Amino acid sequence: MENLKEILTEYTEKIDAVISERELAEVKATLFGKSGAITELMKNLKNVPPEQKPQVGKQINDLRVALNTLCDGKEKDLHRLAIERSINEEAIDLSIDGNFKRIGTLHPVNQIKNKLVDYFVGNGYIAYDSPEIETDYYNFQALNIPLDHPARDMQDTFFVSDGILLRSQTSSGQIRLMEKHKPPLKMICPGRVFRADDDSTHSPVFHQMEGLVIDKNVTLCDLKGTLEGFAKFIFGTQTEIRFRPSYFPFTEPSVEVDVSCFNCHGKGCRVCKNTGWIEILGAGMVNRRVLENCGIDPDEYRGFAFGMGLDRITMILCAINDIKLLWENDVRFLKQFD
Ligand code: DAH
């Protein structure tokens, strides 16, 4: 009987001290295994005098049940602790600041360009890519600007070598398109252009988008309707446009196109320099000589063309006062245009 009490005390302590399932399995083996303490007691029962057997047998069984219950209890505790530990270890603290990488955005000029390309392509124009390095012929001569023509001074050009230059205008795309494709034609040609110009509104590299429509019976009214649609799309539906007479060698007649100020709606403000109007592009009816240079009969076909500065339109729309901001790639500036 003493022995049984000792076993109970000893193993109660042992089970209590267990901190892992492996340790518990070991303790259980020393109790209930082949030569475990309880197993031995059961074996020795046969040496107990018959009259004491029922009582001793009951005591041993009680001890077995008590130790078993302790082991089961411990097992449950260990299991619960394991779950608690894994919950703590795997927990995500949602209150901690995330370490996210900021996703960049398209440059504001590209955003405007894409918007305009979508608009014109949606109206049946093709978007045409033309080389940035050009010959004098495509950039000037075919556009009715001969070698000694004073109009060359309008655009201070970067020359690569004799007769080869960085295109000073996307108008060269008109010639390349008309040489390859027969009318009717509707195209836009967006891209970079280059001029030896450098101040707060001019950059040596900037972006233009050319437009060209060639068909039978195209008139100045078509040009006006087209540009009005475009102006309302980009500057808002209240926008009006006006044509002012101008001169470009490749168009006749030529016009300078203004839009009513989207900021003050014509009253006069800082954006429109108090005039109520903002100059946004040059345009006109394609000069007969340009059509002839491309093998198109000017008595059969006519067309209009327009050319706009994408950086300028971006600056107007986004109230940017220095073109350099568009080229510095300062993230603090760019992220304002998400
Ligand atoms: N190429 C001209 C420039 O860069 C802009 C321009 C004016 C384009 C009239 C045209 C046009 O197509 O018809 O200043």
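This is a short tour of a predicted model, with a suggestion at each stop for what to select in your viewer.

**Stop 1: the ligand and its shell**

Start by selecting the ligand. Around the ligand you will find 16 residues, and the closest are Gln169, Ser171, Arg195, Gln208 and Glu210. Try colouring this shell by residue type: 9 of its residues are polar, 5 are nonpolar and 2 are charged.

**Stop 2: polar atoms beside the ligand**

Now show the side chains of Gln169, Gln174 and Glu210. How far is a nitrogen atom of the ligand from an N or O atom in the side chain of Gln169? The distance there is 2.7 Å. Turn next to Glu210, where a side-chain N or O atom lies 2.6 Å from an oxygen atom of the ligand. At Gln174, an N or O atom of the side chain is 3.2 Å from an oxygen atom of the ligand. Switch on a surface here if you like: the ligand taken alone exposes 360 Å², and the protein buries 91% of that.

**Stop 3: strands around the ligand**

Go back to the cartoon view and pick out strand 6 (205-215), strand 9 (277-286) and strand 10 (302-309). These are the elements that give two or more residues to the shell around the ligand.

**Stop 4: the pocket**

Next, look at the space that holds the ligand. Rolling a probe the size of a water molecule over the atoms shows where empty space is left. The ligand sits in the largest pocket, which contains about 1400 Å³ of space. To find the middle of the largest pocket, select Thr201, His202, Glu279, Ile280 and Arg312, which lie nearest its centre among the 48 lining residues. The lining is made up of 23 nonpolar, 15 polar and 10 charged residues.

Which elements supply at least two residues each to the lining of the largest pocket? They are strand 6, strand 7 (241-248), strand 8 (251-260), strand 9, strand 10 and helix 10 (310-318). Strand 9 gives the most, with 7 residues.

**Stop 5: backbone details**

For the last stop, show the backbone atoms. Most residues other than glycine have a negative phi, and most peptide bonds are trans. Select Pro183 and Pro184 to see a cis peptide bond, with omega about 5°. Pro184 is in the loop between helix 7 (172-180) and strand 5 (185-194).

Another cis peptide bond runs from Glu252 to Pro253, and its omega is near 0°. Pro253 belongs to strand 8, one of the elements you met in the pocket lining.

Finish at His265, in the loop between strand 8 and strand 9. His265 is not a glycine, yet its phi is positive, at about 55°.

Technical notes
Residues numbered from 1 in each chain as written. Predicted model: local features only at pLDDT ≥ 70, side-chain atom pairs only at ≥ 80, totals over all residues. Heavy atoms only, no water. Near = heavy atom within 4 Å. Polar contact = N/O pair within 3.5 Å; in protein donor to acceptor, adjacent residues only side chain to side chain. Areas by Shrake-Rupley, 256 points an atom, 1.4 Å probe, with all protein chains shown as cover. 1 Å grid on protein atoms, 1.4 Å probe; cavity = no way out; pocket = protein on both sides within 12 Å on 5 of 7 lines; lining within 4 Å. Sits in = over half its atoms within 2 Å of the grid points. Helix = DSSP H or I, 4+ residues; strand = E, 2+ residues; numbered from the N terminus. Nonpolar A, V, L, I, M, F, W, Y, C, P; charged D, E, K, R; others polar. Points joined across faces, edges and corners; volume = space filled by probe spheres on them.
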